[in-house]
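This briefing concerns the packing of secondary-structure elements in the model shown below. Two topics are treated in turn: a helix pair and a sheet.

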Amino acid sequence: MAARTLYDKLWDAHVVRTEPDGTTLLYIDRHLVHEVTSPQAFEGLRLAGRTPWRTSSILAVPDHNVPTTAREQGIADPVSRIQVETLDQNCVDFGITEFGMNDLRQGIVHVIGPEQGATLPGMTVVCGDSHTSTHGAFGALAFGIGTSEVEHVLATQCLIQNKSKNMLVSVEGELAPGVTAKDIVLAVIGRIGTAGGTGYAIEFAGSAIRALSMEGRMTICNMAIEAGARAGMVAVDETTVEYVAGRPYAPRDDDWDQAVAAWFDLHSDAGALFDTVVELDAAAIRPQVTWGTSPEMVVAVDGRVPDPDQEADPVRAEGMRKALAYMGLAAGTPIRDIRPDHVFIGSCTNSRIEDLRAAAAVVKGRKVAPNIQQALVVPGSGLVKQQAEQEGLDRIFLEAGFEWRAPGCSMCLAMNADRLQPGERCASTSNRNFEGRQGQGGRTHLVSPAMAAAAAVAGHFVDVRELGEG
Amino acid sequence: MEKFTVFTSKVVPLDRPNVDTDAIIPKQFLKSIRRTGFGPNLFDEWRYLDHGEPGQDCSARPLNPDFVLNQPRYAGARILLGRENFGCGSSREHAVWALTDYGFRVVIAPSFADIFRSNAFKSGLLPIQLEAAVVERLFQAAQAEGFTLTVDLGQQLLTSSSGEAIPFEVDAFRRHCLLEGLDDIGLTLQQADDIRAYEQRRRVEAPWLF
Ligand code: SF4
């Protein structure tokens, strides 16, 4: 057989049938469901008198709307409450496993899938959420879908798809200390742009990617969609298998041995063809900070806010002007002179235990700067929260002046009560700095957990490496 | 789904690249559990001067006179003209529902985000991708009072009121579904035997997946 990419292999293994024009019916192994994009799909199913094809493939969790404080009192906002209750009811009606709001295992859908072993190498994983690309870190084909597609998967266990092109993003070399997976992926998006990956599935490879933990790989694949690619993925290796072993939904005994043997084939063959190859030197990547309203508007922390007058393309220059006006920034401002009012550590990009450890290491023995009105830590799941508390991370954050919250999407998209007010500026470990994303008129700067922690204690953006020992 | 027929409409030029789904329909409106009613909140933060919340009566809200959708000359338009990477960001199909609920049936742009494009087809909104130079020309033309385009999906042809004919490409399967108003799920269920055969094979190859 011809040499194939990882994406080719995952695709081929899930083809139910292909029409002459290439339109393919693709089988879906794991369907993750949350409260925001599913109600209309369940409703559609009911109206057509249909039932889910295979309920055992589905795992549901409320995450976008859930409060991060006083959860035992329920959800105050009646519209949010109805949405979460609708998910609960749909799961009861159709016999679907759900981790309810007060279940210890509840959390952001993209954190709990891998944490439970519900995401496995070689799977097709979908969810009505664009950051489903996260799960590609496991050598899985994972991508976000819309609500019509959610209904389609519920009813048929399949999706009608056309194959994407193959892109390889290769990051070779060693990262400098203090530089993380988040900085890699922001640097990639800065390079190829938010539409650079449109029409592609991206495989992240190279020694710098292999050296990352699963948490780091998830951070990278999470943001593949910010580069326009519906799916991002990383080949399976020992790190992958070690992470999966023993998780509640992972295979056991004979199944485990057979699965692991199959998983080690989940890499691109030597000589496999990619339509596009992008290469980055890991050693050259510095901590990144976004300055605008699109993740591609990013520079290194020692840089300055760019000048639209220097941009040759008039459409881009106009986009930059709008972004600067919205962000309340002047061209040429050094990034380190920018002073956030809020710090948010959380989201499916950076709310796993390793992220919290990295932030806590910076915060330890320091205090949140007086100009920071609020500094939030929102763990990605109840289990991450529990683990962090066992390690004493919560006390480090609380002593420094952070708030320690219950898990959910929170201020990543501000559908619950956690949000910015107009004009407020936030150092955020999330993935989108769009206008209004963290609250209407709110201004978001995307950074790594260590950089968010550094901004919290310094009161302005600063290279985490210059803070020194606490 | 309603069948897609030939129609003629004014064209609203929305001159921004990377129009994201958060801008098309802000998150507070995603709390709805229905598929309809999103039109009044389409582009909410650009369209109104105040902050919108679900359930509000939008007819009483202050409009932003600078936003293109609020210019009376574009009232009733069914074609939206955009710039590159239209519909980037989240997978929320609510963005498409907001556009169709408002009355749009077509979005023209030099490029679309992948998820937005597939959502659009599934909810009866036709995304037409044209070369950047052609889109630029349309932006110029749409400034003129009375400019319209006629969309003929069957012929894959746009015709402007000034007589220009612009062919466009569209996936054959998607075109068929739109023209016939077909439901994807019904089509797929006709292949249920294939799906079962696939499952049987996979249960042997990879039993841990079931
Ligand atoms: S954390 Fe943010 S990006 Fe992730 S699923 Fe929740 S809202 Fe979406």
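In which hand of crossing, left-handed or right-handed, does helix 12 of chain A pass helix 14 of chain A? The crossing of these two helices of chain A is left-handed. The model is a predicted one, and the points below describe this helix pair and an open sheet of 3 strands.

**Helix 12 and helix 14 of chain A**

- Helix 12 of chain A spans residues 353-363 and helix 14 of chain A spans residues 393-400; their axes lie 10 Å apart, at an angle of about 45 degrees.
- Helix 12 and helix 14 of chain A are therefore oblique to each other, since angles from 65 to 115 degrees count as roughly perpendicular and those under 35 as roughly parallel.
- Helix 12 of chain A contributes A:I353, A:L356, A:R357, A:A359, A:A360 and A:V363 to the contact, while helix 14 of chain A contributes A:L393, A:I396, A:F397 and A:A400.
- By class, this contact comprises 9 nonpolar residues, 1 charged residue and no polar residues.

**The open sheet of chain A**

- The strand order is 1-2-8 in chain A, and the pairing is antiparallel.
- Strand 1 (15-18) and strand 8 (158-161) of chain A are at the edges with a single partner strand each, so one side of each has no neighbour in the sheet.
- On average, neighbouring strands of this sheet are turned by 20 degrees against each other, direction ignored.
- Strand 1 of chain A is joined by 3 bridges to strand 2 (residues 24-27) of chain A, and the two run antiparallel.
- A:V15 has A:L26, in strand 2 of chain A, as its bridge partner.

**Packing of chain B on the sheet**

- Helix 8 (residues 192-205) of chain B packs on this sheet and touches strand 1, strand 2 and strand 8 of chain A.
- The direction of helix 8 of chain B makes about 140 degrees with that of strand 1 of chain A.

Conventions. Residues are numbered from 1 along each chain as its sequence is written. Chains are lettered from A and ligands numbered from 1 in the order in which they are written. This is a predicted model: local features need pLDDT of at least 70, side-chain atom pairs count only at pLDDT 80 or more; totals for chains, interfaces and linings use all residues. Side-chain values use heavy atoms; hydrogens and water are left out. Axes are lines fitted to C-alpha atoms, for helices over the stretch in contact, and angles run from 0 to 180 degrees between N-to-C directions. Helices (H or I, at least four residues) and strands (E, at least two) are DSSP runs, numbered from the N terminus. Angles under 35 degrees count as roughly parallel, over 145 as roughly antiparallel, 65 to 115 as roughly perpendicular and the rest as oblique. A crossing is left-handed if the near helix is turned anticlockwise from the far one by less than a right angle, and right-handed if clockwise. Contact means heavy atoms within 4.5 Å. Ala, Val, Leu, Ile, Met, Phe, Trp, Tyr, Cys and Pro count as nonpolar, Asp, Glu, Lys and Arg as charged, and the others, Gly among them, as polar. Two strands pair if DSSP finds at least two bridges between them.
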